[in-house]
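Thanks, everyone, for making the time this morning. I would like to walk you through a few local details of this model, so please have the sequence and the structure open in front of you.

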Amino acid sequence: WSIVVPLLCLALVGIMSIVYSHMFPDPLVTYAFVHSTVSLTLVNLVEVWLLISTPLLILMVPRMVRTLKDAQWMIGAFLVIGLPYALGTIFAGPLHLYSQDVILGVQRPEVFGTTSSILGILNVQFTCVALSLLLYTHNVSLRLGLALLTCIFAASVVMTFGRETWIGLLLAVWAILWFRFKNPLTLLFPLMILPLVLLIFPDVINFYNPTVVYGADRINIWQDAIAIWQHSPYMGVGAGNFQFFDIAYGTEVVGVAHNQFLEVLAEMGVQGLLCLLVTIVMIGRVTLNCFNTALSDMGKAVSLAYLGYFAALLFATFFTDSFVPSTAAAGGTGPFLILSYSWVFLGLVLSIPNWDRNIGTQFTAPASSESASK
């Protein structure tokens, strides 16, 4: 409930911002898409559904996953679902899975309608799951399989050509290695791969050079978001309505803030941002507690995977919607579909005490009877 309550408050604030935007519309904003006939009412209804569905996922998953077998099935489902995304990204060329998004002459893959940073952070999630299971698995054959999956998922992150997701993957691996081994020397392992990458792909450094590739425009986009927020600092311009105000007041009109914090601030006001910050803090706190108190290797692996993924999410939050889906990103319910993987994953972490308790009972009962006989 420590996560659900601020999420419900965020949903309530979002709904209030939508109602307020209907009561006091901005006369300079058309509240309509340029190339679409979708009505504002439909857009707002979808946004309300997105806001309400997010906390419901967290409540549903722990009630569905009650045993270790349930958890194993869900983890297996994650890996199975992740493979088409990863393989589609890696083999985008022969499969012709390319988007219109081009960076330094390279077309970015598009898998199931997902591209760029969103596809990258999704593959980071699958990488974290496979790597964490690998670190807690004792079966040799299973270890080899998980090692292969980890390499496939990590390669797919690289092939998305998402610069922030490359850094996010590095942060995720660092977090996983730190919490697993608590040895600073293990943090050097990912850095040892960087010289090899630069040797094989010497042009990769250009992806971070603002003089040859776009990216510096993000500053203008963030300034637009702040300007839009100033039009309604307390109630916001309405959840999901950023796209309409961007057309009226933006200088870099892209329809989204490219920053989760600024987008929520502009759409839901100061109270929306506070609810989001509390939610993020509680997610980190609860996940860390689940990792420290987990009794089984599976519980440790699942919570460790989310800790690594959480590190990547925190970084990605400054460039995309990592926690709260918004119809401003277009695609209808598409943003919710992608982010639902993240929230279901968090729900799985919250279900650890359910099946860990049963495992703990099985392990402690023989020990208790043995000590009693002595």
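Let me begin with the sulfur of C275, for which the closest cysteine sulfur is the one in C9, at 5.2 Å, and that is too far for a bond. Please bear in mind that we are looking at a predicted model, and that the cut-off for calling a pair of cysteine sulfur atoms a disulfide is a separation within 2.5 Å. Seen from the other side, the sulfur of C9 likewise has its closest cysteine sulfur in C275. As for their surroundings, C275 is buried, with a relative accessible area of 14%, whereas C9 counts as partly exposed because its relative accessibility is 36%. A search of the whole structure, I should add, finds zero disulfides.

Turning now to the helices, the axes of α9 and α11, the latter spanning residues 260-293, come within 9 Å and cross at roughly 5°, and the two helices are therefore roughly parallel to each other. Which residues meet there? On the α9 side they are W222, A225, I226, I228 and W229, and on the α11 side L262, L265, A266, G269 and V270. By character, the residues of this contact between α9 and α11 divide into nine nonpolar, one polar and no charged.

Finally, consider S232, which lies in the loop between α9, residues 217-229, and α10, residues 242-249. Is S232 buried or exposed? S232 counts as buried, because its relative accessibility is 12%, and, leaving aside residues up to four places away in sequence, S232 touches Y20 and V237.

Note on methods
Residues numbered from 1 in each chain as written. Predicted model: local features only at pLDDT ≥ 70, side-chain atom pairs only at ≥ 80, totals over all residues. Heavy atoms only, no water. Helix = DSSP H or I, 4+ residues; strand = E, 2+ residues; numbered from the N terminus. Buried < 20%, exposed > 50% of the residue type's maximum accessible area, 1.4 Å probe, protein only. Contact = heavy atoms within 4.5 Å. Axes fitted to C-alpha atoms, helices over the stretch in contact; angles between N-to-C directions. Parallel < 35°, antiparallel > 145°, perpendicular 65-115°, else oblique. Nonpolar A, V, L, I, M, F, W, Y, C, P; charged D, E, K, R; others polar.
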